[in-house]
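Here are my notes for you as you look through this structure. Take the points one at a time, and keep the 3D view open while you read.

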Amino acid sequence: MQLGVCYYPEHWPEERWATDAAMMRAAGISRVRIGEFAWSRIEPERGVFDWGWLDRAIETLHREGLEIILGTPTATPPKWLVDIMPDMVALDRDGAPRRFGSRRHYCFSHAGYRVEAARITRAVAEKYGRHDAVTAWQTDNEYGCHDTVQSFSAAARDAFREWLASRYGDIGALNTAWGNVFWSMEYRSFGEIDLPNLTVTEANPAHWLAFRRFSSDQVVSFNRAQVDILREASPGRDILHNAMGFYTGYDHFDLAQDLDCLGWDSYPLGFLETFRFSEHDKHRYARTGHPDIAAFHHDLYRGCAKDGRWCVLEQQPGPVNWARHNPAPLPGMVNLWTAEAAAHGAELVSYFRWRQAPFAQEQMHAGLLRPDGEPAPALSEISGMLGSLPSPDKTGPREKHAVILFDYAAEWMTQIQPQGEGLSALWAAFSCYEALRTLGLNVDFARSGAELESYALVVIPCLPIVSDAAASSLNAFAGQIVVGPRTGSRDTDFRIPDSLAPGPLHDLLGLTVTKSESLRPGLTHEGDGWEIARWLDHVEGSAEAELVAKDGTVACWKHGRARTCATWPEGKIIKQIIGLAAKDAELPVHPMPEGLRRVSFGKGSYWFNYGPEANIAKAREISPARWVYEPDSKE
Ligand code: GAL
């Protein structure tokens, strides 16, 4: 693993660059990401390029032996470009333009912007693509950040119509697939179909699902256009993109097929504050991050990545500026987050950012340096830390434990039709992940239909569409299976299958779901240390009741090697079910005290202490460090 940093030479006086580069190298940093927001400095007027400053910045970093990850600057189209083609901006769901003055103000479907994005990509790639220091590229920056994947513009509408025509071929086929006879929504041609926003009440869920798929495909094809140029003009360099946390706006498996290595941006404290964690967890882990936030994404994106190559392109180094509250990490946490990335197989951890900016939107966002150029606390924590990670001879194949099957379309479908407030396939996946991690197990992710042979346990948190490929790989799988609600409940066009849920998994699970209900808070069925809450499937079939609430309501059905969770898979009930399945799978379970996590790595294990209290560390004698690596013999 290497350490890296995100650097903006255009923000600082040129006289300072050599000092920065020397300090980076002294800290053990070997890769520097630059350029991803620098379009207005590279091309201040259309066709007028100023390469001088970037030449000198690259030379300064190169002289210090630093490798460069160069960004294509397409996330920040400059003002002159928006003035030339004002309709290149995206429109939000209410039809309002997303105006110039921050970033990501473009529509993925705008043909003119695609030409401009290709033009600037080619210009940068031809200028630096064969430079010795440039060893990798980052395309754009965080596709979808600030809710920018969906655009409700005329360009998006026209492209959506073409996409529908090529998917369905015939308008009658689309009408049938979507059930447009309902409410007289039938179309006579593809040219009549609008985007699904601004309807009186909800649009047809099949219409929304098609739009979500289309929007995802637009991101993938926008990215691919850059990748094609970079491969041609900059041979032999890795191409990366930086994905986000808890973000499902496009299909990351699809995007990653065009990349060499999938990056992601890890902000454990910002995510804890921003996303749906309990007040208890937000408070308890305010300065350490919930123990599964970073790991969940490490494992998810390793699963999405082609050939499993992944990295952290932005790592939180101190307080961020964008969450509701922005505390500083406890001493040692930036070091721990870095080690946890190593434990999950990262190639690179790159901190965002080198020096805190004294101007503009992110003034309150920490860097490795303070705004005055002096070191901030994280710099000393990461300096030279690579030497403390287990050496390569201790690594090797990781234990294969469990795999979670996750499809992006599953999350789109639960967003489109949640049926109960907040019921989401993504968060079901997080809860299942947490349950596996609290048993001390390693976890992989795969999309449905993947090869499962090397696993002992497959967990399917919520998978409305079960493809034939997915059904046959599950039927062929000999290990333990846990299946959550809504699985197999829809066809590819959001229609209930004639056989009802779980569709093609009927024989495997030994049941049919005859009725589903969602449950308001407090409407629960109590079990022995767990409860049925938020969702309940009523079933018939030959599966046997395994976990039954005190009032006789069944939470878990068992049929051979498969368990079906009849309630929403979260909290104590899913821990219980996954615990039973892990036992039957004979997995090496290590129940974790609150805040402690284990990752088996090579011939040993990493142990991480996310608990704020020292006594948790003592449980594994980790004090005073926040993590240790123990060879197997000591366990
Ligand atoms: C990321 C983004 C960076 C920076 C950072 C702040 O989402 O890629 O450019 O804004 O957040 O935390």
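1. Start at the ligand, with H365: a polar atom of the H365 side chain sits 2.7 Å from an oxygen atom of the ligand. Two further side chains are worth picking out. In R103, an N or O atom of the side chain is 2.8 Å from a ligand oxygen, and in N141 the corresponding distance is 2.9 Å. How much of the ligand does the protein bury? On its own the ligand exposes 310 Å², and the protein buries 94% of that. Please remember as you read that this is a predicted model.

2. Now widen the view to the whole shell. Besides H365, R103 and N141, the residues around the ligand include F37, E142, D265 and Y267. E314, W322, F352 and E362 also belong to this group. Which classes of residue make up the shell? There are five charged, four nonpolar and two polar residues.

3. One member of that shell leads to a backbone detail. F352 is among the residues around the ligand, and the peptide bond from F352 to R353 is cis, with omega near 5 degrees. R353 belongs to the loop that runs between β8 (348–351) and α14 (377–382). You can find another cis peptide bond between A501 and P502, where omega is about 0 degrees. P502 is in the loop between β12 (480–483) and α18 (506–509). Do stop at these spots, because most peptide bonds are trans.

4. Next, look at phi angles. Most residues other than glycine have a negative phi. D147 is not a glycine, yet its phi is positive, at about 55 degrees. Where is D147? Look in the loop between β4 (134–138) and α6. Is D147 buried or exposed? Its relative accessibility is 57%, so D147 counts as exposed.

5. W183 makes a good companion to D147. W183 is not a glycine either, and has a positive phi of about 60 degrees. Its place is the loop between α7 and α8. With a relative accessibility of 58%, W183 counts as exposed.

6. Helix α6 deserves a look of its own. Its 15 residues cover 154–168. From first C-alpha to last, α6 reaches 21 Å, close to the 21 Å expected at 1.5 Å a residue. Which residues of α6 are buried? They are A156, A159, F160, R161, W163, L164 and Y168. These buried residues pack against α7 (171–178) and α8 (205–233). Just after the helix comes G169, with a positive phi of about 75 degrees.

7. Try T438 next. T438 lies in the loop between α16 (425–437) and β10 (443–446). Its relative accessibility is 17%, under the 20% cut-off, so T438 counts as buried. What does T438 touch, leaving aside its neighbours within four places in sequence? Its contacts are K575, H590, P591, M592 and R597. Closer along the chain, a polar atom of the T438 side chain is 3.0 Å from the backbone oxygen of A435. For a sense of scale, the C-alpha atoms of T438 and S102 are 41 Å apart, with these positions 336 residues apart along the chain.

8. E273 is a charged residue worth checking. E273 sits in helix α10 (residues 268–274). Its relative accessible area is 10%, so E273 is buried. Setting aside neighbours within four places in sequence, E273 is in contact with K282, A323, R324 and H325.

9. Finish at G245, in the loop between β5 (238–243) and α9 (252–256). G245 counts as buried, at 5% relative accessibility. Beyond its neighbours within four places in sequence, G245 is in contact with W264, D265, F271, F275 and H297. One of these takes you back to the start: D265 is also among the residues around the ligand. As for distance, G245 and E43 are 202 residues apart in sequence and 31 Å apart in space, C-alpha to C-alpha.

How values were computed
Residues numbered from 1 in each chain as written. Predicted model: local features only at pLDDT ≥ 70, side-chain atom pairs only at ≥ 80, totals over all residues. Heavy atoms only, no water. Near = heavy atom within 4 Å. Polar contact = N/O pair within 3.5 Å; in protein donor to acceptor, adjacent residues only side chain to side chain. Areas by Shrake-Rupley, 256 points an atom, 1.4 Å probe, with all protein chains shown as cover. Helix = DSSP H or I, 4+ residues; strand = E, 2+ residues; numbered from the N terminus. Expected span 1.5 Å × (residues − 1). Buried < 20%, exposed > 50% of the residue type's maximum accessible area, 1.4 Å probe, protein only. Contact = heavy atoms within 4.5 Å.
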